[in-house]
Each structure stands twice: as structure tokens, then as C-alpha cells.
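Here are my notes for anyone opening this model for the first time. Have a look at the picture, then read the points in order.

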Amino acid sequence: DFDTVLSADILSKWENLDDELDIVHQAALYNIADTGVTHDVKCANFIESLEPIAEIIGMYDAFFPSLNSQDRNVTLKMCIDAVISKFGKDIFHREYQQNKEKFLQTLVNTRNRMMHIKRNLPANKYFSGEESILYLVKLCHLYRVVLLSLLGVDYEIYKDAVKKSVGQWDDW
């Protein structure tokens with residue numbers, strides 16, 4: 001229920017966060033929208049956005065690892081893992097339990113295949129069309145959790161709804 005958390009303070013925080021997000025938020029909205037772009041491209045774009053999202057989280061959260069995408073030692077895989085480990089444990093619980101490293105590498109490969117136009121990757125090394133839909137939805141959940149957390153909304157308020165939705169998608 002948005003009216004239980006919406007306040008002038010939250011709106012003020014949102015204005016600041018929206019400025020920090022800059023093009024990242026616009027890209028997220030574009031990837032959520034029904035634009036006719038295929039789900040695999042949307043999923044790859046959303047994966048790509050986890051680098052700047054990790055940077056922004058570091059600006060707001062003193063306990064988050066400092067990950068600057070301009071640093072050559074910081075990889076997309078590190079950014080993805082940091083964001084999921086902090087905000088997406090419930091969303092990606094199954095994947096992290098089964099094989100965290102393989103899952104993280106599949107995310108990176110999916111992004112590389114689409115964004116760098118890598119051909120001839122073995123099919124099990126990146127997401128299929130159906131998997132792209134599933135992970136696009138999960139990444140949208142992750143993005144919402146990140147935004148709400150940075151705005152100071154207690155995750156416990158909506159945790160059950162996230163877990164229920166993720167469970168339904170995992171069953172799909």
C-alpha cells in the first residue's frame with residue numbers, strides 16, 4: 001500500500017535519487033515498457049544497468065562495497081553479485097543456492113551476447129528467450145527493491161509480496 005509509505009520526505013528523497021540515477025532510470029523504464037523490443041535485448045540492457053546501479057548504491061549505503069565501473073578491476077560480475085547479495089537474496093535465492101558462479105556468469109554472457117553481439121556461444125551459456133522473460137521480471141523486482149531501500153522504505157513491509165511474486169515466476 002503506497003499510501004502507508006508515501007510522504008513529502010520520500011518524494012524529496014526520490015527527486016535526489018532520480019537526479020543521481022540520470023539515464024539509468026530512463027533505461028530501466030524503457031526496458032520495462034511494452035516497446036516491441038525483444039525480451040532478450042531488454043534483459044541484456046537491464047543486466048548492463050547493474051554497473052551504474054552498484055555505483056549509485058555505494059553513494060547511499062556506507063556498508064555497500066565501493067564499486068566504480070570506471071575502475072578496470074571492477075567487473076560487471078562483481079557489480080551484479082554485490083547488488084544481488086545486498087538486495088536480491090529473496091529474488092535470486094534459487095539461483096544462488098543451485099550454482100551462484102554459473103548463474104552470475106550466465107548473466108554476464110547474456111549481456112555480452114546481446115550488447116557485444118557475440119555469436120556462437122553455446123546455448124547453455126546465456127539465457128534462452130523464456131529465461132530472458134523470467135530474469136527480466138526478476139531484475140525488475142531487484143530494481144524496485146533497490147529504489148525503495150535507497151528511499152528508506154523498510155523491505156519487511158513488502159517482502160512477502162516480492163517472495164510470492166518471485167515464487168510464482170519460478171514455478172512458471
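1. Helices here are DSSP runs of H or I with at least four residues, numbered from the N terminus (strands are runs of E with at least two). By that rule K77 belongs to helix α5. Before going on, note that this is a predicted model, in which local features need pLDDT of at least 70 and side-chain atom pairs count only at pLDDT 80 or more, while totals for chains, interfaces and linings use all residues. Residues are numbered from 1 along each chain as its sequence is written, and side-chain values use heavy atoms, with hydrogens and water left out.

2. Let's stay with K77. Buried means under 20% relative accessible area, exposed means over 50%, and partly exposed is in between (1.4 Å probe, protein chains only). K77 has 25% relative accessibility, so it counts as partly exposed. Taking contact as heavy atoms within 4.5 Å, and leaving aside neighbours within four places in sequence, K77 touches E101, L104, Q105 and V108. A62 sits 15 residues from K77 along the chain, and their C-alpha atoms are separated by 21 Å.

3. Now for the helix around it. α5 has 12 residues and reaches 16 Å from its first C-alpha to its last, close to the expected 16 Å; the expected span is 1.5 Å times one less than the number of residues. Which residues of α5 are buried? They are L76, C79, I80, D81, A82, V83, I84 and F87. As background, an α-helix has 3.6 residues a turn, so residues three or four places apart point the same way.

4. I80, also in α5, deserves a closer look. Its relative accessibility is 0%, so I80 counts as buried. Setting aside neighbours within four places in sequence, I80 is in contact with I47, L50, Y96, L104, L107 and V108. As for V108, it is 28 residues from I80 in sequence, and 8.7 Å away in space, C-alpha to C-alpha.

5. That leads to the core. A nonpolar core is a set of buried Ala, Val, Leu, Ile, Met, Phe, Trp, Tyr and Cys residues joined through side-chain atoms within 4.5 Å. The largest one has 46 residues, and I80 and L142 are those with the most contacts inside it. At least two residues of this core come from each of α1 (8-21), α2 (23-32), α3 (39-48), α4 (50-60), α5 (76-87), α6 (93-115), α7 (129-150) and α8 (159-171). Which helix gives the largest share? That is α7, with 11 residues.

6. How do α7 and α8 sit against each other? Their axes come within 10 Å and cross at roughly 170 degrees. This makes α7 roughly antiparallel to α8, given that angles over 145 degrees count as roughly antiparallel, under 35 as roughly parallel, 65 to 115 as roughly perpendicular and the rest as oblique. The axes are lines fitted to C-alpha atoms, for helices over the stretch in contact, with angles running from 0 to 180 degrees between N-to-C directions.

7. Where the two helices meet, α7 brings I133, L134, V137, K138, H141 and V145, and α8 brings V162, S165, V166, W169 and D170. The residues of this contact divide into seven nonpolar, two polar and two charged. In this count Ala, Val, Leu, Ile, Met, Phe, Trp, Tyr, Cys and Pro are nonpolar, Asp, Glu, Lys and Arg are charged, and the others, Gly among them, are polar.

8. Two residues of α2 are worth finding. H25 lies in that helix and is buried, with a relative accessible area of 10%. Beyond neighbours within four places in sequence, H25 is in contact with W14, D18, Y143 and L147. A28 is in α2 too, and at 3% relative accessibility A28 counts as buried. With the same neighbours-within-four-places exclusion, A28 is in contact with F46 and Y143. The C-alpha atoms of A28 and N45, 17 residues apart along the chain, are 8.2 Å apart.

9. Finally, check D22, in the loop between α1 and α2. Most residues other than glycine have a negative phi. The phi of D22, however, is positive, near 55 degrees. D22 is exposed, with a relative accessible area of 54%.
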